[in-house]
Structures are given as C-alpha cells and as structure tokens.
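Colleague: I should be grateful for a close look at a single part of this structure, namely the place where the two chains meet. Please explain it in a way that a first-year student can follow.

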Amino acid sequence: MRAGDELPPMEIEITRTLIVAGAIASRDFQDVHHDAELARAKGSPDIFMNILTTNGLVGRYITDFFGPTAVLRALAIRLGAPNYPGDTMVLTGSVEDVDGDTAVVRVLGANGIGRHVSGTATVRVPPSALGGTS
Amino acid sequence: MSHPLSRPPSRPSSPSLYDQLGPLLAAFEGRPAVVGGAGKDPVNEPMIRHWCEVLGDTSAAYAGPDAVAPPAMLQVWTMGGLSGHQGRSAAYEELLALLDDAGCTSVVATDCEQEYLRPLRPGDRVAFDSVVESVSGPKTTKLGTGYFVTTRMDIRVDGEPVGTHRFRILKYAPAHAPETTSTGQKPQAAPTRPRPVVNRDNAGFWDGVDRQQLLIQRCAGCRVLRFPWLPGCNACGSGDWDTVEACGDGTVYSYVVLHHPPFPAFDPPYAVGLIELAEGVRIISNVVGVPYDKVRIGMPVRLEFVRYEEGRPALPVFRGDLPAEVGA
C-alpha cells in the first residue's frame with residue numbers, strides 16, 4: 001500500500017429499487033427519495049439517491065478492497081450530480097497518503113451527468129492484511 | 001413577540017430579501033440543533049442486515065457473533081424516521097421555518113463528514129447532541145437559490161464518544177418547480193401559508209388547535225392567564241401551568257389592514273386583529289365575515305376554526321358581525 005496506488009473501479013447500477021431501498025434502510029423518508037411526482041414538484045426530474053446510501057456505497061468500496069479486518073476511521077463526502085434511476089455510477093479511488101497502518105484514499109463517483117460524489121476515506125489496515133492488498 | 005398566525009410568508013424573489021435574512025440566519029450559528037437526542041432503536045442486527053443487503057455489502061465484519069455495524073451507518077442510528085425527530089431544539093426548528101417562509105422549502109444534503117472513534121455493536125444505544133456550525137449567505141445553485149446549513153453532531157454510547165457527524169444541507173427555493181415557472185401553461189400550484197412553528201413551548205397550543213380548541217395557558221402558581229404560550233409565568237416566574245379553553249367570545253382590541261406588500265397565499269387588503277378574549281388575554285388573528293374596512297375597535301367577535309388548506313389544521317380566526325344598517 002503506497003501513495004498513488006489505484007483501487008479497481010466499482011460499477012453501481014442506480015436502479016429505482018436501490019434508491020428507494022437505500023432510503024428506507026437508512027430511515028430517510030424524504031419524499032424526493034421515493035416519490036417521483038413529489039420530487040418533480042420540487043424541481044428534480046426524478047427521485048434521487050440519498051446521501052446516506054452514497055456514504056454507504058463509498059464505505060463498501062473501501063472495505064471491499066481492504067478486506068474485513070480494515071477499519072474505517074473517517075469518511076468525508078461531497079455530493080454533486082444526483083444519482084437518478086437508470087444511471088450507472090463508477091467509483092474510483094487512489095491512495096493519497098499512507099501513515100503507518102492508516103491510509104487516506106481519495107474517492108470519486110462519476111455518473112452519466114457528472115461527478116456524483118467526491119471525498120476521502122481514512123482507513124486503518126492491520127499489517128496482516130497488507131500483504132494481500134498491496 | 002408575534003403570534004405565528006400573524007406571520008406573513010415571504011419569497012426570495014429579490015436579492016434584498018436575502019440580504020435582510022442574513023443577520024437573522026447568522027444568529028443561529030453556535031446554537032444547539034439537537035439536545036439530548038436518543039436513537040430510536042439500539043444498534044441491531046436486522047437493520048444492519050437490511051443495509052448490507054441493499055448496498056451489496058458482503059463484508060464478514062458485519063455478520064456473525066462478533067458483528068459490528070458498518071461505520072457508514074452512523075447517521076442511521078440518529079434518524080427520526082416517519083415519526084419525526086426528537087430532541088430537535090426550538091432554535092433549529094425556528095431556523096428551518098425561517099428558511100421555509102423565505103421560500104426555501106426544499107432540502108438536499110450536500111456534505112457528510114464522519115469520524116468513527118470506535119465500532120458500534122448490536123445493543124449499543126446512541127445518544128447525540130448537535131449544534132448549528134454555520135449558515136451560509138444566499139447561494140445560487142443549479143437547483144435554485146438557497147442557504148447551506150452545517151451542523152455538527154457528537155454521538156456517544158454510555159457517555160463514551162463513538163463518532164462525529166458533520167452534515168451540510170442546502171435549503172433552497174426550487175428553480176424549476178411548477179409553481180415558479182412562468183410559462184402559464186401548467187396550472188400553478190397554489191402558494192401555501194406559512195406553517196406553524198411548533199416547539200416544546202407551544203406544542204400544547206397547537207395540539208389544542210388540532211382539536212379545534214383555543215387553549216390559554218394558566219400559571220399553576222399564581223393562576224394568571226397568559227397568551228401567547230411561554231415556558232414560564234411573567235407574573236411569578238413559575239414554570240408550572242395548566243390550560244383553560246377560551247369560551248370563544250372576544251372584542252377587537254386593535255387591528256391593522258394589510259395592503260402591501262402582497263404575500264403568496266394571502267389576498268390583500270385584509271384585516272389582522274388583536275383580539276381581546278373574554279378571559280382577558282389577547283391573540284392576533286384574522287377578522288373574517290366583515291369587510292376589511294368595516295373592522296372597528298371594540299367590535300364583538302366570535303371564535304371559529306377555518307381550514308384554509310387540506311391536510312393542515314383548521315386555524316382559529318374571529319368572525320365579526322356588521323352592525324345593522326340604519327333603515328335597512
């Protein structure tokens with residue numbers, strides 16, 4: 001694990017089911033995440049993914065790569081272009097900094113209309129797990 | 001102190017309105033947003049499993065006897081759900097209502113910054129407090145113009161800090177919503193009245209309104225009646241109180257006629273009365289049943305509840321009677 005290492009991209013199909021199920025699993029009942037008609041009344045072309053689901057997907061992207069013994073210490077994300085149904089988001093990441101057993105990974109999530117998410121994940125990776133990932 | 005019923009809505013149609021809001025909004029910085037919040041459910045396996053199933057997260061860390069919760073679920077344990085947020089401060093409700101009334105009725109989350117100090121395990125019960133860190137000046141975005149509100153939450157289990165959660169939302173006036181298009185083709189959504197600002201201090205009043213009762217607070221210490229609702233008695237300082245239902249009779253103590261500026265959902269000119277109830281306290285509300293220019297000080301009025309909008313409570317207003325015309 002070195003600064004500059006790239007994580008393999010992960011593709012996420014943005015289905016209506018994922019958006020709605022993600023909103024409900026995160027107990028977010030804002031209508032813009034499940035009701036297309038009300039979403040349109042608020043100026044959005046359709047329902048869109050909530051931030052908790054995006055946060056969860058970024059978390060999964062990191063721990064899928066570093067393995068179950070890696071421990072997420074921090075996630076900081078900013079949302080841009082919304083994830084609407086029918087789109088695909090591609091998550092990419094690169095190791096920005098390594099300090100001992102802790103890495104800071106820059107994460108980007110691009111969809112068909114732009115950059116959905118950008119941010120950083122701080123993850124502690126036990127030395128035993130390093131051999132398999134670097 | 002103005003009564004919520006009397007507060008007109010305003011729209012962010014001009015930059016000057018935004019400028020006026022600025023100092024009001026800045027006053028909320030540093031004030032608590034949530035005090036003494038508690039997770040509605042303990043950290044639990046079913047919610048963890050549902051989350052992992054939805055996100056396709058198959059990590060072994062989140063299943064089995066030593067399971068921990070996915071760290072990114074941190075905020076989930078603090079969510080109010082359909083039954084609403086508990087512990088939200090009156091200040092935060094006021095801030096959101098102020099933005100709602102400025103036309104910034106839509107919300108979108110833009111930033112989430114979390115630190116995970118230790119893993120959460122099934123059985124952990126989270127407690128949390130949060131403060132308003134900052135409120136931005138007006139920002140024009142693709143969605144519309146609005147304000148960024150940043151809160152910082154500290155989350156604990158049994159007094160031990162387990163995480164921090166900084167969250168930024170954009171409260172905005174939709175730029176492309178049907179009610180703001182000027183095509184004239186689509187039927188425009190009727191503008192809505194400002195919603196009541198309900199907080200711990202006045203929830204009893206609005207509960208009464210829901211039952212079509214006008215409730216006056218009565219100090220349990222010195223029995224003095226008070227309105228609008230307050231947390232304590234101005235006469236003796238007691239914080240204990242009960243309520244008296246207004247009999248409904250009153251007189252116009254004073255009034256104004258609103259001509260300008262016009263506000264959406266209201267149709268000027270109309271009379272806003274300061275009504276002295278038979279019980280002796282005064283309330284601001286509309287005077288109905290009498291042309292605006294025929295309302296007079298001393299005019300007897302009678303309480304009634306009028307539902308102006310579907311899905312919202314009927315509101316207490318006061319019906320006047322025109323004196324019989326001479327010779328009519």
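Modeller: The following account begins with the meeting of the chains, then turns to chain B and to how far the model may be trusted.

The model is a predicted one, and its scores are ipTM 0.94 and pTM 0.65. Where the chains meet, 28 residues of chain A are in contact with 33 residues of chain B. On the chain A side, helix H1 (16–25), helix H3 (51–66) and strand E2 (71–79) each supply at least two of the residues that touch chain B. Sorted by class, this side of chain A comprises 15 nonpolar, 7 polar and 6 charged residues.

Strand E2 of chain A also takes part in pairing across the two chains. It is joined by 5 bridges to strand E2 of chain B, residues 106–116, and the two strands run antiparallel. Within this pairing, A:Leu75 stands opposite B:Gln114.

Chain B offers further features for study. One residue to examine is B:Thr151, which lies in strand E5, residues 144–157 of chain B. B:Thr151 counts as partly exposed because it has 18 C-beta neighbours inside 10 Å, whereas a buried residue would need 20 or more. Apart from neighbours within four places in sequence, the contacts of B:Thr151 include B:Ala33, B:Ser130 and B:Phe167. B:His165 is 14 residues away from B:Thr151 along the chain, and their C-alpha atoms are separated by 8.2 Å.

Elsewhere in chain B, 5 strands close into a barrel in the order E10-E11-E12-E14-E13, with mixed pairing. From one strand to the next, the twist averages 50°. Within the barrel order, strand E11 (residues 270–277) and strand E12 (residues 282–288) of chain B run antiparallel and are joined by 5 bridges. There, B:Gly273 stands opposite B:Ser285 of E12.

Finally, confidence varies along chain B. Its mean pLDDT is 86, and 88% of its residues reach 70 or more. In this chain, helix H2 (residues 45–55) has the highest confidence, at a mean of 98, and helix H1 (residues 15–26) the lowest, at 70. Over residues 1–15 of chain B, pLDDT stays under 50, and the model has 35 contacts for them beyond four places in sequence. Residues 179–188 of chain B also stay under 50, with 8 such contacts. Where pLDDT is low, the predicted coordinates should not be read in detail.

Definitions and conventions. Residues are numbered from 1 along each chain as its sequence is written. Chains are lettered from A and ligands numbered from 1 in the order in which they are written. This is a predicted model: local features need pLDDT of at least 70, side-chain atom pairs count only at pLDDT 80 or more; totals for chains, interfaces and linings use all residues. Two residues are in contact if their C-beta atoms, placed from the backbone, lie within 7 Å. Helices (H or I, at least four residues) and strands (E, at least two) are DSSP runs, numbered from the N terminus. Ala, Val, Leu, Ile, Met, Phe, Trp, Tyr, Cys and Pro count as nonpolar, Asp, Glu, Lys and Arg as charged, and the others, Gly among them, as polar. Two strands pair if DSSP finds at least two bridges between them. pLDDT is the predictor's confidence in each residue, from 0 to 100. A residue is buried if 20 or more other C-beta atoms lie within 10 Å of its own, exposed if 12 or fewer, and partly exposed in between; C-beta atoms are placed from the backbone. Axes are lines fitted to C-alpha atoms, for helices over the stretch in contact, and angles run from 0 to 180 degrees between N-to-C directions.
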